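Me: Please take a close look at one part of this model for me. I would like to start with a charge and a ring, then move on to the ligand and its surroundings.

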Amino acid sequence: MDEDRRTRIEANAAAVRRRIAAAASAAGRDPHEVSLLLAVKTQPAEDILAALRAGAHLLGHNRAQELAATGPALAVPGVPAHEMHFIGHLQGNKVNQVLRWATCVQTVDSLRLAQRLDQAVARAAGSAGADAAAGVGTTAADGGGTPVLDVFVQVNTSGEPTKAGTHPDEAPELTAAVGALPHLRLRGFMTVGAHSDDDGVVRESYERLAALRGQVLASGAPGTAGATELSMGMSGDLEIAVAAGATMVRVGTAVFGARPTPEAAGA
Ligand SMILES: *Cc1c(COP(=O)(O)O)cnc(C)c1O
């Protein structure tokens with residue numbers, strides 16, 4: 001690939017890591033508590049590879065088709081080990097496609113979707129095993145090696161009607177229900193922050209997710225003790241999210257540059 005482009009991705013990723021570290025220090029947190037997930041939507045496989053070679057180990061895709069399209073290029077020998085998370089709206093009929101390539105679904109926002117995922121993991125494990133569901137791990141914790149998929153509960157913390165996610169008032173109940181499903185391992189919570197120029201409004205949306213985590217962990221509901229992750233913050237507002245307790249920020253533009261607009265791409 002174009003050397004300039006590779007150098008730019010490396011430099012951008014390093015700059016984002018510095019931003020995370022500075023934000024963590026400013027908040028009195030250990031920078032190692034915050035991991036960087038690269039949102040790779042619309043990026044060609046070679047750019048994703050460049051990011052992996054520059055030290056990325058956590059990737060997120062929004063669309064099942066794109067995930068499946070770039071999956072094979074990232075599954076060849078020599079590609080640095082990484083985790084692939086699904087971070088977009090997941091339709092029921094795309095569940096198997098996503099399970100084939102992702103190790104975690106961050107966007108569980110209904111019990112119906114959680115049940116579909118749980119059943120799909122069970123089915124995949126029962127039939128062709130690892131080949132049918134590359135992302136599905138097993139847990140030794142129950143001694144039986146039950147196949148499990150990592151999940152986050154997505155919460156709409158901004159109240160914006162265009163945003164996905166369960167309502168904050170319903171999140172504890174959904175979280176408890178997800179925690180009880182045998183083939184899902186609840187790892188935490190995800191949100192897309194408020195779309196606002198007012199930092200205070202954005203901060204509130206992130207603090208709401210942190211408060212929910214506290215509430216759920218305090219509840220002691222079975223299967224929720226591992227729900228410690230807070231996936232929140234993007235290129236434009238990661239400092240606010242880290243200050244509010246983010247353990248994972250999802251960054252695209254700041255590493256890969258601006259994505260083509262749909263109009264430009266279609267022209
Ligand atoms: C694209 C995307 C991001 C990253 O957004 P940037 O502004 O490009 O950093 C984060 N989270 C989700 C769910 C996304 O779709």
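Reply: Start with Arg100 and Trp101. The charged end of Arg100 lies over the ring of Trp101, at 4.5 Å from the ring's centre. Keep in mind that this is a predicted model. Aromatic pairs are another matter: the structure has zero of them.

Now turn to the ligand. Where does the ligand sit? It occupies the largest pocket. Around it are Ala39, Lys41, Asn62, Ile87, Met190, Met234, Ser235, Arg250, Val251, Gly252, Thr253 and Arg259. Sorted by class, this shell has five nonpolar, four polar and three charged residues.

Next, look at the polar atoms. Lys41 belongs to the shell, and an N or O atom in the Lys41 side chain is 2.6 Å from an oxygen atom of the ligand. Arg250 is also part of the shell. An N or O atom in the Arg250 side chain is 2.9 Å from a nitrogen atom of the ligand. With Gly252, the backbone takes part: a polar backbone atom there is 2.8 Å from an oxygen atom of the ligand. Finally, consider the cover. The ligand exposes 390 Å² when taken alone, and the protein buries 87% of that.

Terms used
Residues are numbered from 1 along each chain as its sequence is written. This is a predicted model: local features need pLDDT of at least 70, side-chain atom pairs count only at pLDDT 80 or more; totals for chains, interfaces and linings use all residues. Side-chain values use heavy atoms; hydrogens and water are left out. A residue is near a molecule or strand if one of its heavy atoms lies within 4 Å of it. A polar contact is a pair of N or O atoms within 3.5 Å; within protein, one must be able to donate a hydrogen and the other to accept it, and residues adjacent in sequence count only if both atoms are side-chain atoms. Accessible areas come from the Shrake-Rupley method with a 1.4 Å probe; for residues, only the protein chains shown count as cover. On a 1 Å grid over the protein atoms alone, a cavity is a set of points where a 1.4 Å probe fits but cannot get out, and a pocket is an open set with protein on both sides within 12 Å along at least five of seven lines; lining residues have an atom within 4 Å of a point. A molecule sits in a cavity or pocket if more than half of its atoms lie within 2 Å of its grid points. Ala, Val, Leu, Ile, Met, Phe, Trp, Tyr, Cys and Pro count as nonpolar, Asp, Glu, Lys and Arg as charged, and the others, Gly among them, as polar. Rings of Phe, Tyr and Trp (its six-membered ring) pair if their centres lie within 6.5 Å; planes under 30 degrees apart count as stacked, over 60 as edge-to-face and the rest as tilted. A charge sits over a ring if NZ of Lys or CZ of Arg is within 6 Å of the ring centre and within 35 degrees of the ring normal.
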